[in-house]
Structure formats: C-alpha cells, structure tokens
Amino acid sequence: WDNLNNQQTMAAGQLPPQLRQKLTSFAEFAFPAARAAREGREHHQLKSIGNELVSNLPLQMALYFNVCYFPFWLVTAIILLELKFSSLDEFYKFITVTVYVVMIVVEIVRLYLGYLGNLQEKIPELAGFWLLTIVLQFPLSFFILFNEATVILPLERAIHIILALFVTFEVICGYFAIKIMSSHQVTKFHLRQFDDLQYLDDGQTRWTTEA
C-alpha cells in the first residue's frame, strides 16, 4: 500500500513524504534560511505575493540543454565502451561498467529533481538535485574524464568534457538557486506577517471608532 502511494505521488509530480522530509532536513542544514521559511509556513499558510518568480534562469537553461545532450552522451558512451571493452583489464571492466550505470541512474533522477525543484520553486527537490550533483555526478564525471587507466578515447574525452562542464555549472547555479529561493520564501513570510498585523490594526481601529 505504501509503495502504491509512493508511485501515485511520483506520478503526480511529488516526492514520497519520507524522501521529501530527508531532503528538507538537508536543505535546512546547508541553507539556514530554508529552516526559517519552513517554520514560518508552520504558523502561516503562505500565499504568493504578486507574480514574482525566483526560478533560476541560467540553471533552467543548463538543465534543458543537459536533458537534450544526455541521450547523445549515453549512446556515444555505450558504443565507445563496447569498442574499448576488450582493452581494459578485469578490474577496470567492472569499475567502468559500475560507474556508467551509477551515472546514468543519477543523471535521470537529478535532472528530474532539478526540473521539478527549479520550475515549481520546491526547495527539497532542488536540494536533492544539488546533493546528487555535487556528491555523485561531479566526482564520477571527472573520474571517467581523467582516469587514463580506463583507456579514454578522443571522442569519449570530448563528450565527457561537455558533461563535466554541465555538471560544474549546475553545481554553482544550483547553490545560488537554493540560497535565493530560501531567502525569498523567508521574505514572503515576513511580508505576510506584516500584512496580517496591518489588517489587525485596521480592524482594531474600526472597532474603536464604532464603539
């Protein structure tokens, strides 16, 4: 039943509650402003103030081109791996295949989280994207780019350089996107509090006048 609920949640563009809670905790640890925003939402249900969007445009452009580039990178990497597979020793055959499998899975998940978090301004999802990028995809990209023991072919090096540039740019943009988004939500909470106080003051003034 829990698995069915998780599948329905993912299909609706939402993360499972347990995973979302863990990502929220990470975001609050790495970006203290995210904690203030969450604590504010626990006392007030925030509504949008105006039509201001804080989605990071450079990050979104990088994600878009990364999604377009990923199938080309995947097909080319698999073909080149097949060509050089017999030249690798047994240890690096296992290492290389494992690295590629992990990178493919991580790439799909992190691009999904990046799109969801940036476009819908969801800090936990964006934090998950940033965490996967900096902890897994960033070191793995440079491992397959610079480890000469994997017999790097010229075309293979070229496609890995492009992927590494995407990943590096997304690490930087993702950090600032989370920071700005957290600060914006805190600002919205404080503005909401100010509006509530102003409404109470106006109501009290009208009540005093009528009395």
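Let me start with the cysteines, and with Cys68 in particular, which is partly exposed in this predicted model, with a relative accessible area of 46%. Cys173, by contrast, is buried, at a relative accessible area of 10%, and it counts as buried because that value falls under the 20% cut-off. For anyone thinking about sulfur chemistry, a search of the whole structure finds 0 disulfides.

Now to the overall fold. The secondary structure of the protein chain comes to 7 helices and 0 strands, so that, by the way these elements are defined and numbered, the pattern read along the sequence is α-α-α-α-α-α-α. Of the 211 residues in the chain, 39% are buried. If we take the contacts with a separation of 6 or more, 77% of them are between residues 24 or more positions apart. The chain exposes about 12,500 Å², and carbon and sulfur atoms supply 67% of that area.

Let me turn to the interior. In soluble globular proteins, nonpolar side chains tend to be buried together. Here the largest nonpolar core has 31 residues, and those with the most contacts inside it are Leu59, Trp73, Met103, Leu126 and Phe129. The elements that give two or more residues to this core are α4 (57–84), α5 (90–119), α6 (123–146) and α7 (154–210), and α7 gives the most, with 9 residues. Met103 is a useful residue to look at on the screen: leaving aside its neighbours within four places in sequence, Met103 is in contact with Trp73, Gln137, Leu140, Ser141, Ile144 and Leu163.

Helix α5 also holds Glu107, and here one might ask whether Glu107 is buried or exposed. Glu107 is buried, with a relative accessible area of 1%. Beyond its neighbours within four places in sequence, Glu107 is in contact with Asn66, Phe70, Gln137 and Leu163. Glu107 and Leu132, which are 25 residues apart in sequence, are 8.6 Å apart in space, C-alpha to C-alpha.

On the surface, Val97, Val101, Val105, Ile108 and Val109 form a nonpolar patch, with about 390 Å² of accessible area together. Val109, which has its place in helix α5, is partly exposed, with a relative accessible area of 37%.

Finally, the charged pairs. A search of the whole structure finds 5 salt bridges. One of them joins Lys84 and Glu156, with the closest N and O atoms 2.8 Å apart, and this pair links distant parts of the chain, since Lys84 is in helix α4 and Glu156 is in helix α7, 72 residues apart. Both Lys84 and Glu156 are buried.

Another salt bridge is formed where the side chains of Glu90 and Lys93 meet, at 3.5 Å from N to O. Glu90 and Lys93 both lie in helix α5, 3 residues apart, about one turn of the helix. The two partners differ in their surroundings: Glu90 counts as exposed, at 60% relative accessibility, whereas Lys93 is buried, with a relative accessible area of 16%.

The side chains of Glu148 and Arg157 also meet in a salt bridge, at 2.9 Å from N to O, and Arg157 is partly exposed, with a relative accessible area of 26%. Last of all, salt bridges that share partners join Glu107, Arg110 and Glu170 into one network, which brings us back to Glu107, the buried residue in question a moment ago.

Methods. Residues numbered from 1 in each chain as written. Predicted model: local features only at pLDDT ≥ 70, side-chain atom pairs only at ≥ 80, totals over all residues. Heavy atoms only, no water. Core = buried A, V, L, I, M, F, W, Y, C linked by side-chain atoms within 4.5 Å. Buried < 20%, exposed > 50% of the residue type's maximum accessible area, 1.4 Å probe, protein only. Helix = DSSP H or I, 4+ residues; strand = E, 2+ residues; numbered from the N terminus. Contact = heavy atoms within 4.5 Å. Disulfide = S-S within 2.5 Å. Areas by Shrake-Rupley, 256 points an atom, 1.4 Å probe, with all protein chains shown as cover. Patch = residues over 30% accessible without salt bridge, like charges linked within 9 Å, V, L, I, M, F, W, Y side chains within 5 Å. Salt bridge = Lys/Arg side-chain N within 4 Å of Asp/Glu carboxyl O.
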